[in-house]
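Hello,

Here is the structure I promised to pass on. Please open it first, then read my notes below.

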Amino acid sequence: MVTVLHFLELRSFFHQEEIGQPFPVTIEKLAGIWHCTPRYAKLIVRKLVELSWVEWKAGRGRGNVSVMTLHADSDEILLAEVKLQIDKGDVKEAMELMNRYGKTAVKDQIMDWLSEGMGFLRHSVSNRSQDVLRFPVYRRIVTLDPGLVYYHFDAHLAGQIFNTLVHYDLNSRSILPSIAHSWESSPDATAWTFYLKKNVLFHHGRELTAHDVVFSLNRLRLHPDTYEASWMCRDIDQLIAIDDRTVRILLKEPNYLLLRLLATIPASIVPEEIVRQDEKGFGEKPIGTGPFQLVRLNEGICILEAFPAHFLGRPQLDRVEILIFPELDMGRLKEPNWASVMVSHGVQSKALALKEAVIQDGQDWCDTEAFFSCCNLLVFNQWKSGPHNHFKFRQALDQLIDRDQMIADLGGDRIYPAKGFRTYHPVLREVRARENEQPCLAEIMSLLQESNYQGETLRLVTTAYHEEDALWIQQRCGDYGINLEVDVREPWEFSNPDCLPEHDCQLYGNVFSSDQISELEMYLQRNYFLPAFDESLALAINKEIRLTFQEPDRLARERHLARIEAMIKENYAVLYLVQKKTLTSFHKSLRGVSINSSGWLDFHKIWFQPDALQQQL
């Protein structure tokens, strides 16, 4: 690697020199290029000569200049080194090499090679075929600790590595056995008993016990400052391991959503001794009971392998390789050539690539658009004083952000104005009717005057993924005399609000899957909507939430949740901006496709049809 860098740096400096044509150069000049001593420069030259990449004739005597001749093609060397680094999993290093030394033609050649290596691959390992799914993502994996996950992709991966006591089936809206094979509750839903399956193994070989269950839920319940998802355990009064395979949960008051809470990723069961040994490092080296186990994770690659002893059966897929690319390389891969699943998640260039795939190779591709109510949101921070504390100011912002115009100007995956999480509910009818009234300039300026806005700066924090929306809002605010400052931060900072700078509002997106728990999470978790509620609104929402948990009827719970959304909208505590779509495509050879509530593919359910059968279809 070091020798390659020396040659690439040399070729970059002498880019005008032709291959095979000698040119004069001094050791002192080379030492300057390589930022080293003349003695070390001689060692580098010797190594390059041994590789036959250069020819060197040292000048002898005073006034005789040394002569160098370049023999190797730097493009070929760069391509070989990038391939080597990616095969080693050093994706970040490979991309930095490519972007620093690669010309356009070389970059295209590298990306063509990468594209051919994406998707479904079948390798022969020890005379046995191995099915591998390889795909890129353009986001950093923040943590795989299920108690700390914040982003949907992290949660998705954690869901492949861990299991929960029970499983929630989104299609049937029913609770199914998982680690627990059976359970029962008292008539008032305050005492629950769970019976665990035998021989549920963690990836390191130890059998799971009731003590692991008690530890896993207690670490959420007893450490709210560490685990944002601790609200899920707030009704738990006691956790008791009756014996190795029986757990009793006693609640402070009835909670008819307890089973659904226990099916969420944060409630995954972890091995007590491993977490106690290194709790901070657990997110990088997680050990669970799930269908896949983590074998490698760094800045450039994440590798999962099938766990043969999984208690629900071994996955048909043997290995998942996730290449982590910098955002600047987004869209360069020729994704239509994959024989795999591709989920766009709102990346415009990827959606366009898929469109080309459908046109050019439609007979081999199945595509579907999944509307998961993914919308971007402007969430105000009532824990900090500023112009946003005033109701009229927030109302003015809501009216000046013309959602239809935002969609027209920015396009991409933005499909229609967001009216909230729900597309319709009777409770929201009156609120929605008022939204349809078109505001005018005079009305917006009147609202700003009533809010006593004096030109203070409103500070908005977001990620690079939503920067385009934020800059559009900034320009729109400027048109009405509002000073808006946009601060683009790293995604990992949003998982812990204490890491964020002081801000007046956040702009981010959320995937809403028509699931009551995902909605309650938005209202109860500190790093979502909770900072947007002033004292009176927080009291009113908490009252409805308590009634929601205590309500056994699903439709009645929906009415409580709709009332919460109506209160949030009437107070302009959160501004719903635009709904987005998730575009998914998969090759016809892929079977068992199941897209989860976050819009990602469940790896443990898929399998691939043999090539021979594909050709017969």
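Helices and strands here are DSSP runs, with at least four residues for a helix and at least two for a strand. Counted that way, the chain has 20 helices and 23 strands. Please keep in mind that this is a predicted model.

Confidence comes next. The chain has a mean pLDDT of 83. Of its residues, 82% reach 70 or more. Residues 334-365 are another matter: pLDDT stays under 50 there. The model still gives that stretch 79 contacts beyond four places in sequence. Residues 367-372 also have pLDDT below 50, with 21 contacts beyond near neighbours in sequence. Where pLDDT is low, the predicted coordinates should not be read in detail.

Now the chain as a whole. It has 617 residues, and 53% of them are buried. Take the contacts between residues at least 6 apart in sequence: 68% of these join residues at least 24 apart. The accessible surface comes to about 28,300 Å². Carbon and sulfur atoms account for 48% of that surface.

How many cavities of 30 Å³ or more does the structure hold? There are two. The second largest has about 30 Å³ of space. Its lining consists of V379, F380, N381, H503, Q506, Y528 and P531. By type, four of the lining residues are nonpolar and three are polar. None is charged.

If you look at one site, try the lining of that second cavity, from V379 through to P531 in the list above.

Best wishes

Technical notes:
Residues are numbered from 1 along each chain as its sequence is written. This is a predicted model: local features need pLDDT of at least 70, side-chain atom pairs count only at pLDDT 80 or more; totals for chains, interfaces and linings use all residues. Side-chain values use heavy atoms; hydrogens and water are left out. Buried means under 20% relative accessible area, exposed over 50%, partly exposed in between (1.4 Å probe, protein chains only). Contact means heavy atoms within 4.5 Å. Accessible areas come from the Shrake-Rupley method with a 1.4 Å probe; for residues, only the protein chains shown count as cover. On a 1 Å grid over the protein atoms alone, a cavity is a set of points where a 1.4 Å probe fits but cannot get out, and a pocket is an open set with protein on both sides within 12 Å along at least five of seven lines; lining residues have an atom within 4 Å of a point. Grid points are joined across faces, edges and corners, and a volume is the space filled by probe spheres set on the points. Ala, Val, Leu, Ile, Met, Phe, Trp, Tyr, Cys and Pro count as nonpolar, Asp, Glu, Lys and Arg as charged, and the others, Gly among them, as polar. pLDDT is the predictor's confidence in each residue, from 0 to 100.
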